[in-house]
Structure formats: C-alpha cells, structure tokens
Amino acid sequence: MQVLNDKVALITGASKGIGAVTAQEMAKMGAKVIVNYNGSQQAAEKIVADIESAGGQAIAIQADVSNERDVERMFDDAIATFGKVDVLVNNAGTMLTKAIRNVSTVEFDKILNTNVKGVFNTLRQAATRLADNGSVINLSSTVTRTMFPGYGPYCATKGAVEQLTRIFAKEVGYRGINVNAVSPGPTETDLFLEGKSQQDIERLIASNAYGRLGKPEDIAQVIVFLSSDAARWISGQIIGANGAMA
Ligand code: NDP
C-alpha cells in the first residue's frame with residue numbers, strides 16, 4: 001500500500017523541473033497523475049511515458065493556466081479520464097530578475113498572469129470540483145523571506161500566492177481539504193539556472209546551511225507528504241524547503 005493509492009493528482013507545469021519530478025514521485029506513491037504543460041508537449045509526453053513504463057498511470061493535458069477556459073477544460077478532461085481530482089499542485093510559474101525600474105508593463109502583466117491568475121483560475125475550479133478530503137499545494141518561493149533586490153515582481157506574485165493559500169484553506173476546510181504552500185530555495189531547474197552566472201550560482205549555494213542547491217526531488221518529497229493523509233491536519237501553512245536559508 002503506497003501513501004497516495006486511489007488518489008488522482010493534477011500537477012500544473014509538470015513538463016519539466018520541480019513539477020515533472022513531483023509527477024513522477026506521486027505516481028511512484030500510487031497516484032494517477034495529470035501532467036499539465038503549456039508549450040512543452042514532447043517533454044510532457046516523455047514524463048507520461050516514463051511513469052507508464054514504471055507501472056503508473058498518467059495523462060498529459062495542455063492548458064495555459066493563465067487562461068480561464070483552458071483551466072476549466074483541463075478539469076473537465078481530468079475528471080472525464082480518472083473520475084475525480086483529489087490533489088492539485090499549483091506548480092506552473094515563470095520568473096523574472098530585474099530591478100523594478102527596468103520591468104516593462106508587458107513583463108509585469110505576464111508574470112502576474114501566470115503566477116497569480118494561474119493559481120486563482122485553478123483554485124476557483126478546485127473550490128467546487130476537487131474531491132472532498134483532497135489537498136492543494138501551491139508553489140511559493142523563499143524570496144518572500146529573503147527579499148533579494150531584483151526579484152520585485154516575482155516576489156510580489158509569490159506573496160499573493162501565499163495569501164491565496166491562507167484564505168483558500170479557510171474557505172474549503174469544511175470539505176476536509178487541506179491547502180498549503182511550499183517555498184523552495186534555489187533549486188536546480190531551467191527556471192533557476194537561466195541567465196545566472198557561475199558567480200550568482202555560487203553566491204546562492206552559499207546562502208543556505210547545506211552549501212548546495214536544492215534538487216527537484218527535495219521539493220517533490222515535501223509535496224508528496226503534504227498531499228498524503230498523514231498531513232491532513234496541516235493547512236494554511238507556508239512550508240520552507242530551503243536548507244535553512246530563511
Ligand atoms: P521550470 O521553468 O523548470 O518549469 C516550469 C513549468 O511551468 C514548465 O513545465 C512550464 O511548462 C510550466 N508553465 C509555465 N507557464 C505556464 C503556463 N502559463 N501554463 C501552464 N504551465 C506553464 O520551473 P521550476 O521547476 O524551477 O519551478 C516550478 C515552481 O517552483 C514555480 O512556481 C517556481 O516559481 C517555483 N520555485 C522554483 C525555484 C527554483 O529555484 N527553481 C525556487 C522557488 C520557487 P511549458 O514548458 O510546457 O510551458
């Protein structure tokens with residue numbers, strides 16, 4: 001008996017990085033998995049194939065989380081395929097590192113649309129369509145604690161995600177649904193590595209107590225725990241997964 005047996009998990013942005021490893025870990029723990037992606041169809045299909053060849057069940061569904069209709073269709077397709085959704089992992093996200101004075105309106109709108117409206121769109125579906133006694137795990141970031149310069153819009157989106165987490169927990173608790181956020185520190189993925197010099201990376205490695213970058217597996221294990229029945233009484237919390245960085 002695995003801890004996620006009989007559960008169906010929908011993971012947004014699961015074509016790569018933390019989302020892809022979370023999908024694989026959840027499938028290993030017995031969940032049926034929906035691998036959401038936006039543009040990376042081949043990568044998403046590879047994750048599905050890997051899960052299936054390891055004996056699990058998964059489907060890939062394209063949806064831009066910032067698009068209300070796409071998100072509604074994704075829930076329709078997930079429920080039509082597996083009968084229900086028990087676990088929602090709001091992982092899809094983009095990043096931007098620029099001083100506020102250099103951020104264009106287009107860039108600001110884009111990050112708000114994906115990181116905040118995307119979470120809002122899925123929570124609104126989950127409010128009525130997630131199964132009773134389910135779980136929601138939203139991805140925040142340790143920058144809401146470190147507040148590094150250059151992370152203004154990104155940090156603002158994750159601050160919004162944390163507040164949506166706390167309030168949604170109170171709105172759906174009556175159905176037995178727990179809602180938490182995980183705040184990773186620097187984690188070795190495309191999103192983290194893009195545009196960073198070796199010097200930037202070394203500085204961030206030195207900023208936690210373990211002296212290394214996080215791995216997607218470090219974060220995925222916490223998400224698995226928060227979606228298991230053992231975490232039922234944990235709700236409305238922001239859990240740092242960052243090697244004592246902050
Ligand atoms: P990656 O860039 O490696 O992966 C991002 C994923 O999000 C991709 O699968 C991408 O899919 C998907 N995605 C992006 N935009 C959309 C959209 N509009 N609709 C649907 N899917 C979308 O990121 P990480 O794995 O590093 O990050 C995952 C989460 O963790 C993010 O929310 C991020 O903010 C958070 N985080 C990451 C940290 C890190 O250091 N890596 C630190 C703290 C938090 P596709 O390619 O198909 O478009």
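This report describes the nonpolar cores, the cavity, one buried threonine and the aromatic residues of a predicted model.

## Basis of the values

Local features need pLDDT of at least 70 and side-chain atom pairs count only at pLDDT 80 or more, whereas totals for chains, interfaces and linings use all residues. Residues are numbered from 1 along each chain as its sequence is written, and side-chain values use heavy atoms, with hydrogens and water left out.

## Nonpolar cores

The largest nonpolar core (a set of buried Ala, Val, Leu, Ile, Met, Phe, Trp, Tyr and Cys residues joined through side-chain atoms within 4.5 Å, where buried means under 20% relative accessible area with a 1.4 Å probe and protein chains only, exposed over 50%, and partly exposed in between) has 29 residues. Those with the most contacts inside this core are Ile11, Ala23, Met26, Val33, Val35, Ile51 and Ile223. At least two residues each come from β1 (8–11), α1 (17–28), β2 (32–37), α2 (41–53), β4 (87–90), β5 (135–139) and α9 (216–226), these elements being DSSP runs numbered from the N terminus (helices H or I, at least four residues; strands E, at least two). The most is given by α1, with five residues. Another core, of 25 residues, lies apart from it and has Val8, Ile34, Phe75 and Val179 among its members.

Leaving out residues up to four places away in sequence, Ile51 touches Ala23, Gln24, Ala27, Val33, Val35, Gly56, Gln57 and Ala58, contact meaning heavy atoms within 4.5 Å.

## The cavity

The whole structure holds one cavity of 30 Å³ or more, a cavity being a set of points on a 1 Å grid over the protein atoms alone where a 1.4 Å probe fits but cannot get out. Grid points are joined across faces, edges and corners, and the volume is the space filled by probe spheres set on the points; for the largest cavity this is about 40 Å³.

Its lining (residues with an atom within 4 Å of a point) consists of Thr12, Val65, Asn90, Asn91, Ala92, Thr114, Gly118 and Val119. Helix α4 (residues 105–129) gives the most to this lining, with three residues. The lining divides into three nonpolar, five polar and no charged residues, with Gly counted as polar.

## Threonine 157

Thr157 lies in helix α6 (residues 152–172) and is buried, with a relative accessible area of 0%. Beyond its neighbours within four places in sequence, Thr157 is in contact with Ile111, Leu112, Asn115 and Val116.

Technical notes
On a 1 Å grid over the protein atoms alone, a cavity is a set of points where a 1.4 Å probe fits but cannot get out, and a pocket is an open set with protein on both sides within 12 Å along at least five of seven lines; lining residues have an atom within 4 Å of a point.
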